[in-house]
Amino acid sequence: MTSVVSIEERARAWLAQDPDPDTRAELAAMLERGDAEGLRDRFGAKLEFGTAGLRGELGAGPNRMNRVTVMRAAAGLARVLGPGRHVVIGYDARHKSDVFARDTAAVLEGAGLRASVLPRPLPTPVLAFAVRRLGADAGVTVTASHNPPRDNGYKVYWGDGSQIVPPIDAEISAAIDAVESVSELPLGGPGTLLDDSIVDAYIEAVTALPLGDARDLRVAYTPLHGVGAATLARAFEAAGFEPPLPVEEQREPDPDFPTVAFPNPEEPGAMDLAVALAAKTGADLVLANDPDADRCAVGVPLPGGGCRMLTGDEVGGLLAEHVITHTSGERMVATTIVSSTLLGKIAGAHGVGYGETLTGFKWIIKAGPGLVFGYEEAIGYSVGGAAGLPVHDKDGIGAALTVAAIAAGAKRAGRTLLDLLDDQARRYGLHATAQLSFRVSDLALITEAMTRLRATPPSRLGGREVTRIDDLSRGDGGLPPTDGLRFLLSGDARVVVRPSGTEPKLKCYLEVVVPVTDEVTPARARASQDLDTLKADLTTVLRL
């Protein structure tokens, strides 16, 4: 166990190298008042660099996001890449994002690499696109996506425009650990500031997606105080759509996210203003991006008022069938082990390849050749067309455009996305999914729950027999090992339990499949009841 004295010494060494007056003042005050608990929290652990890069709360010390942490990460990336390589840097509008981007450029340039910086805070998919467009060796984006306002993060992309995977993450992590005082790092200039031509190229790429020719659609939209509004509006206008009607209170970037408790479109209440705007304006569709605009939420206003928010799996099924029917040749679609099994049935019906991967777009993008569509249930989608995938990561702008095209086509036929979902239920069976999450203050509780579940797994869940258990940590199912358990249940149902990779949560992914003959409504009622029963049983079993 690290002593308080040694932590104080580490804190003073950190203070000596910290270039940020804000975190220097924070740390100096903690040392002056002898805040042992606060120092242990910041210096008793460190943010680990993994395949999701870095993500954490802003503040002083190695267990926080700050300028020292970012400069060390940039130095580690520089050592792995080597001099002469080219890195594109993007950032969102969170607190310190612009500062972290400038620090990254200075460290890379000082190490003999070439840095190009996006012209302003922009969606993450623009950065992912720019890496390939500019033929860069890597990319960095400074964002914490949909995390709380106090957080920030640092995500690394490789030369193929996708997020890094092992063993690159471990190599960068080891190189970061070898960095000593950042005050001794040679710093270079600010790099090359890119102009709007890179955004123009991105807009051209996403508007070349298979969008059909129907354009009569009114959309209510919110970027949730993030960076998506301007780019999405440009994309819609370039594609010939009426500009979306923005939620004015959430239109401009604001790192404090003042109108939402949690800046995630999947969280309760986050979509309330957009739904109200849709009702007020008679919108046909509700769309939202998360703060860095790599994800897309979709809602359908109801005739009697209110709005039906679609799940990520429902949107994934609609997008997949649209892309498949608007492309040709050898193709494949892919999703993750926690997403609905519907995509596999759609792929089989259309005679295209299907891939199932670990969670995360870093794996989806590598599912195989000919990938034209990939999605994850957490409302992330990468939509492709004749030219393949314009973005090798999830893209909330391209997804929003394509959903609008599908909805406009349905409207022209006197229908909505809900009618299209019913059509799919009749063709493939109703695939109903839900998620059950347990947020904890102590990560050890998650480890204990997974240990209990492996030692004494349930024989029945939701009134169904457990017919097979896949321990994903052993690589069951032919995938790389990951901490998770998959329970296959009688009657075509499934549960996957896994710890979150970005939050202190244990997540359970549930699916039931109900046959449909004609009327879908009774099947939805039955599926909802079945999912509730599964949730109740899991809550009892997990004891969290």
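The largest cavity in this predicted model holds about 120 Å³ of space. A search of the whole structure turns up 2 cavities of 30 Å³ or more. If you would like to see what surrounds the largest one, look for its lining residues, among them D313, E314, S340, L342, H431 and R524. Three elements each supply at least two residues of that lining: helix 11 (312–325), helix 15 (417–428) and strand 16 (430–439). Helix 15 gives the most, with 3 residues.

From the cavity, let us move to the packed interior. Nonpolar side chains tend to be buried together in soluble globular proteins. Here the largest nonpolar core has 80 residues, and L287, Y381 and L417 are the ones that touch the most other members. Helix 14 (residues 396–412) gives the most to this core, with 10 residues. L287 is a good place to zoom in: beyond its neighbours within four places in sequence, its contacts include V219, Y221, F236, C296, V298, A400 and V403. A second core, separate from this one, has 45 residues, including L27, L47, A115 and V182.

Next comes a sheet. Its 4 strands form an open arrangement in the order 13-12-14-15, with mixed pairing. Strand 13 (353–357) and strand 15 (380–383) are the edges, each pairing on one side only. On average, neighbouring strands of this sheet are turned by 15 degrees against each other, direction ignored. At one edge, strand 14 (residues 371–376) and strand 15 pair in the antiparallel sense over 4 bridges. To find one of the paired positions, start at G374, whose bridge partner in strand 15 is S382.

Terms used:
Residues numbered from 1 in each chain as written. Predicted model: local features only at pLDDT ≥ 70, side-chain atom pairs only at ≥ 80, totals over all residues. Heavy atoms only, no water. Pairing = 2+ DSSP bridges. Axes fitted to C-alpha atoms, helices over the stretch in contact; angles between N-to-C directions. Core = buried A, V, L, I, M, F, W, Y, C linked by side-chain atoms within 4.5 Å. Buried < 20%, exposed > 50% of the residue type's maximum accessible area, 1.4 Å probe, protein only. Contact = heavy atoms within 4.5 Å. 1 Å grid on protein atoms, 1.4 Å probe; cavity = no way out; pocket = protein on both sides within 12 Å on 5 of 7 lines; lining within 4 Å. Points joined across faces, edges and corners; volume = space filled by probe spheres on them.
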